[in-house]
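Trainee: I am new to this structure. Please take me closely through one part, the cysteines, and then show me what surrounds them in the rest of the model.

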Amino acid sequence: KRALAVSKQLTGSQGTWRCRVRAGEGAEAMGLVFQAGPERKQGFACLLTAGGARLETLQGQVLWEDPKCSRQPATEYVLEGVVATDRVAARVLAADGETVLSASPDVPGAESNNARDGRLGVVMCGGAGEFRGGEIE
């Protein structure tokens with residue numbers, strides 16, 4: 001099962017969206033949700049699983065994946081989503097917030113994303129996780 005929560009306070013249309021994550025017991029996947037619409041049907045997710053990292057739409061379309069970047073138990077990561085004019089990207093960083101473990105290429109996005117005000121959120125699949133430090137720059 002997938003649980004998704006979005007903030008009403010952390011909103012924006014473009015920039016770098018980020019949060020810190022740590023998987024708990026039984027977690028299958030966890031991630032950063034960015035530029036999410038209020039109905040949670042529009043937007044993107046940067047997911048980290050035991051099988052790799054991926055960037056997908058909130059409708060589940062996989063835009064990029066890296067099977068070499070797998071989540072380790074009880075390890076903190078920084079997940080980033082970037083929304084720029086006509087493109088999106090995702091990055092997985094080490095806990096120091098600087099060491100890049102995996103990064104997607106820029107993925108073309110719809111022009112409607114450029115001006116759409118979206119929300120920052122988190123997603124969890126199975127088990128529990130810790131999320132903190134959500135921000136948009």
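**The cysteines and their setting**

Mentor: Start with Cys69. Its relative accessible area is 7%, so Cys69 is buried. The cut-off for buried is under 20%. Keep in mind that this is a predicted model. Now take Cys46. Its relative accessibility is 1%, so Cys46 is buried as well. Cys69 takes part in no disulfide, and its nearest cysteine sulfur, that of Cys46, is 8.6 Å away. Read it from the other end. The closest cysteine sulfur to that of Cys46 belongs to Cys69, and 8.6 Å is too far for a bond. The reasoning needs one cut-off: the two sulfur atoms of a disulfide lie within 2.5 Å. Because a disulfide is a covalent bond between the sulfur atoms of two cysteines, the gap between the sulfurs is what to check. The count for the whole structure is zero disulfides.

Now step back to the fold. The protein has 12 strands and zero helices. From the N terminus on, the run of elements is β-β-β-β-β-β-β-β-β-β-β-β. The C-alpha atoms fill a box of roughly 40 × 25 × 25 Å along the principal axes. The radius of gyration is 13 Å, which agrees with the value near 14 Å for a compact globule of 137 residues. Buried residues make up 47% of those 137 residues. About 6,700 Å² is exposed, and carbon and sulfur atoms supply 47% of that area. Look at the contacts with a separation of 6 or more. Residues 24 or more positions apart account for 59% of them.

Cys19 leads us to Tyr77. Tyr77 sits in strand β7, residues 76-84. Its relative accessible area is 5%, so Tyr77 is buried. Set aside its neighbours within four places in sequence. Tyr77 is then in contact with Cys19, Arg20, Val21, Leu48, Ser70, Arg71, Gln72, Val92, Leu93 and Leu101. One of these, Gln72, offers its backbone nitrogen, and the side chain of Tyr77 reaches that atom at 2.9 Å. For scale, compare Gly51. Tyr77 and Gly51 are 26 residues apart in sequence, and their C-alpha atoms are 15 Å apart in space.

Salt bridges come next. The structure holds 12 of them. Glu56 pairs with Arg2, with the closest N and O atoms 3.1 Å apart. Glu56 lies in strand β5, residues 52-57, and Arg2 in strand β1, so this pair ties together parts that are 54 residues apart in sequence. The two ends differ in cover. Glu56 is buried, because its relative accessibility is 3%. Arg2 is partly exposed at 41%. Glu56 also forms a salt bridge with Arg54, at 2.9 Å between the closest N and O atoms. Arg54 counts as partly exposed, with a relative accessibility of 22%.

Strand β7 has its own link. The side chains of Arg132 and Glu76 meet in a salt bridge, 2.7 Å from N to O. Arg132 lies in strand β12, residues 129-136, and Glu76 in strand β7, so the pair ties together parts that are 56 residues apart in sequence. Glu76 is buried at 11%, while Arg132 is partly exposed at 42%. Then there is a network. Arg18, Glu80, Arg91, Glu135 and Glu137 are joined into one by salt bridges that share partners.

Follow Arg18 in that network. Arg18 belongs to strand β2, residues 15-23. Arg18 is buried, because its relative accessibility is 15%. Its side chain makes a polar contact of 2.8 Å with the side chain of Glu80. A polar contact of 3.1 Å joins the side chain of Arg18 to that of Glu137. Beyond residues up to four places away in sequence, Arg18 touches several others, including Leu32, Val78, Leu120 and Gly133.

Leu120 is a useful last step. It is one of the residues in contact with Ser7, along with Arg119, once neighbours within four places in sequence are left aside. Ser7 is found in strand β1, residues 2-12. Ser7 is buried, because its relative accessibility is 17%. A polar atom of the Ser7 side chain lies 3.0 Å from the backbone nitrogen of Gln9.

Return to where we began. Cys46 and Cys69 have sulfurs 8.6 Å apart, too far for a bond.

Terms used:
Residues are numbered from 1 along each chain as its sequence is written. This is a predicted model: local features need pLDDT of at least 70, side-chain atom pairs count only at pLDDT 80 or more; totals for chains, interfaces and linings use all residues. Side-chain values use heavy atoms; hydrogens and water are left out. Helices (H or I, at least four residues) and strands (E, at least two) are DSSP runs, numbered from the N terminus. Buried means under 20% relative accessible area, exposed over 50%, partly exposed in between (1.4 Å probe, protein chains only). Contact means heavy atoms within 4.5 Å. A polar contact is a pair of N or O atoms within 3.5 Å; within protein, one must be able to donate a hydrogen and the other to accept it, and residues adjacent in sequence count only if both atoms are side-chain atoms. The radius of gyration is taken over C-alpha atoms; the globule rule is 2.2 Å times the number of residues to the power 0.38. Accessible areas come from the Shrake-Rupley method with a 1.4 Å probe; for residues, only the protein chains shown count as cover. A salt bridge is a side-chain nitrogen of Lys or Arg within 4 Å of a carboxyl oxygen of Asp or Glu.
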